[in-house]
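Visitor: I am new to this structure and should be grateful for a close look at a single part of it. Please then set that part in its wider surroundings.

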Amino acid sequence: MSGALALRGARLPGGGLIGSVLAVAVWEIVARLTAQSFFIAAPSAILLHMTEHAGLLWRALGVTLWAAFRGFVWGNLAGVLMALLVVLLPRGERLISTLALLVFCLPLVATGPILRVLYGPGDGPQVTLAALAVYYTTFLPVLVGLRAAPQGWFDLVRSYGRGRMVALREVRLPAALPYLVAGLQIAAPAAFLGAMVGEFTGAERGLGVLTVRALRALDLPATWSIAVITSAVSVLAFAAVGWAGRRLDLAPPQVLLAAPGQARRSAWQGPGEALLALGVTLALWKGTMELFALPRFFAKRPEDVWAYMVSGPGAEAHRAKLFAAMGETLAFAAPGYLAGLALGAGLAVALTLAPRAAAFTMPVAIALRSIPIVATAPLIVWALGRGAAGTIAVVAVMIFFPTLVACLHGLARTPRAVLDLFEVYAAGRWRRMLGAQLPAMLPAFFASARMAIPAAILAVTTAEWLATGRGVGALMATVASTSDYGMLWSAIALIGLAAVLAHGAVVALERVVLARTNAEQLAR
Amino acid sequence: MTFRTPSRRLFLGGALTTATAGLILPRRALAQEAVNFQLSWLHSVQFGGSYIAQNKGYWSDAGLEVALQPGGPNAPVEPPVVAGTALVGISAADYTAAAVNQGAPFKIIGVAMQKNPFAIASLAENPVNSPADLVGKKIGMALANMPVLEALCSINDVDIAEIEVVPTQYDPAPLVQGQVDCLLCWATDLPVAMEIQGVESVTMLLADHGYAVHSQTYIATEDSLANRRDQLVALMKGEVMGWQDYHADPAAAAALTVEMFPDSGLDLATQELQAERQVPLMFSDLTEAEGFGWFTDETVAANVETLALLDKPVSADLWDRSILEEVHG
């Protein structure tokens, strides 16, 4: 399975050593030539900084890693439990996925202060934000995996008179394991990044604290040292999860035969589910804030947002301001979303066709995902400018990695029997890709297309806040600093709504496509 | 988010019980009481006086156990103070005014920075020495500070449409790299960083061009002013003593800061320079005569005027001198 080979990643082939030495030499020379403009730190300067501040960096790494680890465990646990819940209660799928999506869409400007007030001092917010950064990208692949089993096996379980729990234990869980590995691999760098960003909410120590300090102090060797450390940690965690996954001796992928999905949805089911999801969302929103007695000043309730946007004084001006900003944001989010998906899926296909390239591609891909965007955004902005290209690039960078990993795993799930068949007919690589591997990848691809919706929104708002100064991202940053929490929560509500609508569109497309290629995903 | 509910509820329950007990039980001046003090940024010598107060026991001697909570890029000061998890927060008059306009029950009970630290930093070969020099320039700034630039322009009759605003964050790199001609930043922050890196810069203090906004102000809720006065007085008293020590020896404050927070990645030379640069902003003839943190009806009136220009109308009632009067009295 070439897909699995590509995932093995970081192992450098023999010629790679010379290449690496050369790359470092070029890096050193470029850095020294451009030293006056403070863009790139030389490898020698990074090494010097690391040795001089070894104690500090180790302590900071330990703090951030511990928070990231706990967030990783909690977040993945939550993701898996939610996926199990959906499989056991198929009727609740719409509701659970909507809630999962909405919580994932909550921006740091809103969650940061709330978590800090709830937890007080300590690393509670860091752990929570790390968990929030990973649960969704585990939930979706695991859900796909839990359904990736032949219909015949479920029939077998049923013919023995056994119920859902047995089917879950004997059929679904083993089928979900490879997908869980994909989710965990995506989660590893995300949890670390989540913990670092969590330190922005007011922490004493950690790599996130040092990042802010280094950027502000124009301390390039420090910034780059932290970037090198976070990348290294993420690459190692990624490789470790992959290694553990292979040790689990996963069952080979099966030929997944299932009857073509028949739409048995009555006309009122769609709107009914949507209404239920809306009602539960509003109840949870209000209920949580009331339960913790969060002051209305910064924790706006649904009715506050309604008053701000619809019934209260100045509502018309508020709406005009927010909608204008949202329009700008969507104009950048949509192309970045498509570009990131195409890049991720395209790279997955390329790496499957030419697995050797993975040796140097995967580490770069992981590094791009693991360094905080506040550190990478300035470089992207410098290279591509503060206009459309820079913003779209930031979005694409943020979503191509989860797509890449999920699609690689999807490609690797091509059944052996199918590949053998292509072998027998001496079909070429491309023929095999189009006829066998791409169809096997489709469920994972659609899972990434869903994951990428909130990721694209978060990325574009971050880029707007840091670089372009337009759109909802800039608006949220501005209103948060002037305590205009009515606008902040209105923006969050609108973003959530946009995400749910986009998600609905992807799901509709997914149903049409998978009904032809992967009907097992639609069987309930 | 749901799986941690029990522990949080316990935490909040605990906090509520403590708060209620505090209201009911008679208060003795010297019982050790724990309070949180919310700083506005990561630990640095910007809060040097507070570290001295803690280190020398100025608070514990008065029966107060103060926990200094660092801020950060996503840690606004107002929420913990409104929620009551922090007794006092470090804010600035403009942020406080915005929050009060949104319904927060704040009072300013002390002013650490008599002169506003906002400045325009530029490079020597292309300097900004007066607001008029801004015309035709590209300025890098955090978007949140847009009202600051607007007020500066309106006070000095500069057409803001003639200035190109480029959003930047946290770092002086865009100026050094030539992406912008100048930066809106704190005089004690990015210019210090550039000097340490060997980049010479020109700093124009906004306070020298009519921008009168108290900064690094101490805020507390009206409820705390009514019910937790003893704690407020004890906290501010420690602050005043700490900052007096700081004034006497800023370099010692810088050294103490680096020593107290070994995990913050602080550089001693940077801290010393910053400590020295903030002295003229914090200490004036007024504080010499009346004591650290003081404000007068005149300085408040000047603030009210500037804040109106910033579209944050407030009345002089926002300032409450009663705590300082008790401290200095």
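Visitor: How far apart are the end C-alpha atoms of helix H9 (residues 164-198) of chain A, and what distance would a straight helix reach at 1.5 Å a residue?

Guide: Two conventions come before the answer. Residues are numbered from 1 along each chain as its sequence is written, while chains are lettered from A and ligands numbered from 1 in the order in which they are written. The model is predicted: local features need pLDDT of at least 70, side-chain atom pairs count only at pLDDT 80 or more, and totals for chains, interfaces and linings use all residues.

The end C-alpha atoms of H9(A) are only 39 Å apart, although the helix has 35 residues and a straight one would reach 51 Å. The expected span is 1.5 Å times one less than the number of residues. Helices here are DSSP runs of H or I with at least four residues, strands are runs of E with at least two, and both are numbered from the N terminus. Within H9(A), a kink of about 45 degrees lies at Arg172(A), shortly before the proline Pro174(A). The bend at a residue is the angle between axes fitted to the seven residues ending there and the seven starting there.

Helix H17 (residues 388-412) of chain A offers a second case. Its 25 residues reach 35 Å from the first C-alpha to the last, close to the expected 36 Å. H17(A) nevertheless has a kink of about 30 degrees at Phe400(A), shortly before the proline Pro402(A). Since 23 of its 25 residues are buried, H17(A) is largely enclosed by the rest of the structure. A residue is buried if 20 or more other C-beta atoms, placed from the backbone, lie within 10 Å of its own, exposed if 12 or fewer do, and partly exposed in between.

Both helices belong to chain A, which contains 21 helices and zero strands. Of its 524 residues, 52% count as buried. A compact globule with that number of residues would have a radius of gyration near 24 Å, and chain A agrees, with 24 Å. This radius is taken over C-alpha atoms, and the globule rule is 2.2 Å times the number of residues to the power 0.38. The C-alpha atoms of chain A fill a box of roughly 65 × 65 × 40 Å along the principal axes.

Individual residues add detail to chain A. Ser20(A) lies in helix H2 (residues 16-33) and counts as exposed because it has 12 C-beta neighbours inside 10 Å. Ser20(A) and Phe360(A) are 340 residues apart in sequence, yet 9.5 Å apart in space, C-alpha to C-alpha. Ala293(A) sits in the loop between helix H12 (269-291) and helix H13 (302-311) of chain A. The phi of Ala293(A) is near 50 degrees, a positive value in a residue other than glycine.

Chain A also touches chain B, through 54 residues of chain A and 45 residues of chain B. Two residues are in contact if their C-beta atoms, placed from the backbone, lie within 7 Å. On the side of chain A, H6(A) gives the largest share, seven residues. The residues of that side divide into 33 nonpolar, twelve polar and nine charged. Ala, Val, Leu, Ile, Met, Phe, Trp, Tyr, Cys and Pro count as nonpolar, Asp, Glu, Lys and Arg as charged, and the others, Gly among them, as polar.

Chain B itself has 14 helices and ten strands, and 55% of its 329 residues count as buried. Its domain assignment gives domain 1 (16-115 + 214-328) and domain 2 (118-209); such bounds come from an automatic or database domain assignment. The centres of the two domains of chain B, taken over C-alpha atoms, are separated by 27 Å. Their contact takes 13 residues from domain 1 and twelve from domain 2. On the domain 1 side, helix H11 (268-282) and helix H13 (297-309) of chain B each supply at least two residues, and H11(B) gives the most, with six.
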